[in-house]
Amino acid sequence: MYRVGAMAQTFPTTPEIVYNTLVADATFMALVGSYVFKANTSTTPAISIVTPGADMPDLKSIDGLEVVIHDTAQIRRMDFYGSTNIEKNWNLYVIAWGSATGDQVTSAVERIMRTFSGSSAMEVVATPDGLTAKVQTKVMIPSDKPVLVP
């Protein structure tokens with residue numbers, strides 16, 4: 001059962017709020033894979049905020065599910081009688097690498113969508129055999145809908 005936050009509602013108005021909300025969810029983080037960077041042999045959870053088109057610096061490998069949150073939003077203007085709202089949609093990608101399965105992608109996307117009301121998702125890339133990434137699902141998170149807390 002999900003409920004709206006106890007005290008004040010939180011809205012995903014920045015990519016940092018999306019990131020912090022997901023990182024605080026232990027059930028979700030158990031689904032996330034790992035990064036290994038060239039300068040280090042230890043692993044880091046494979047969740048990040050990036051500028052579209054930018055590479056992860058000194059990334060050696062990725063295994064499992066990677067979650068990439070773009071730091072730019074799709075922006076729309078909503079006109080109302082006497083006022084205007086600017087609303088943002090944050091794009092988040094769940095990518096299956098190495099040992100990850102499509103079922104794990106589905107579980108992660110479902111968890112994200114239960115956390116962010118009004119969100120939607122679609123598969124955007126199914127890669128051909130031989131490439132390391134298997135599938136990628138895009139989740140769109142609107143900034144004008146509240147974050148739900150499990």
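The following paragraphs lead from one helix to the core, and then to the salt bridges, of this predicted model. Residues are numbered from 1 along each chain as its sequence is written. Local features need pLDDT of at least 70 and side-chain atom pairs count only at pLDDT 80 or more, while totals for chains, interfaces and linings use all residues; side-chain values use heavy atoms, without hydrogens and water.

Helix α1 spans residues 15-23, and its buried residues are P15, V18 and L22. Here, buried means under 20% relative accessible area, exposed over 50%, and partly exposed in between (1.4 Å probe, protein chains only). Helices (H or I, at least four residues) and strands (E, at least two) are DSSP runs, numbered from the N terminus. The three residues lie on the same side of α1, because they cover an arc of only 60 degrees around the axis, taken from the directions from the helix axis to the C-beta atoms. An α-helix has 3.6 residues a turn, so residues three or four places apart point the same way. The cover over this side includes α2, β4, β5, β6, α3 and β8.

V18 and L22 recur in the largest nonpolar core, which has 26 residues; they are among those with the most contacts inside it, as are F28, L92, V94, I112 and I141. Such a core is a set of buried Ala, Val, Leu, Ile, Met, Phe, Trp, Tyr and Cys residues joined through side-chain atoms within 4.5 Å. At least two of its residues come from each of α1, α2, β5, β6, α3 and β8. Beyond four places in sequence, V18 touches P12, I69, W90, L92, F116 and I141, where contact means heavy atoms within 4.5 Å. A second, separate core of five residues includes V50, V68, I95 and A133.

Charged pairs also connect the elements. There are five salt bridges, each defined by a side-chain nitrogen of Lys or Arg within 4 Å of a carboxyl oxygen of Asp or Glu. One of them joins R111 to D25 at 2.8 Å, N to O. Because R111 lies in helix α3 and D25 in the loop between α1 and α2, this pair ties together parts that are 86 residues apart in sequence. R111 is buried at 15% relative accessibility, and D25 is buried at 10%.

R76 forms salt bridges with E87 (2.7 Å, N to O) and with D144 (3.9 Å, N to O). R76 is partly exposed at 38%, whereas E87 is buried at 9%. Through shared partners, R76, E87, D144 and K145 are joined into one network.
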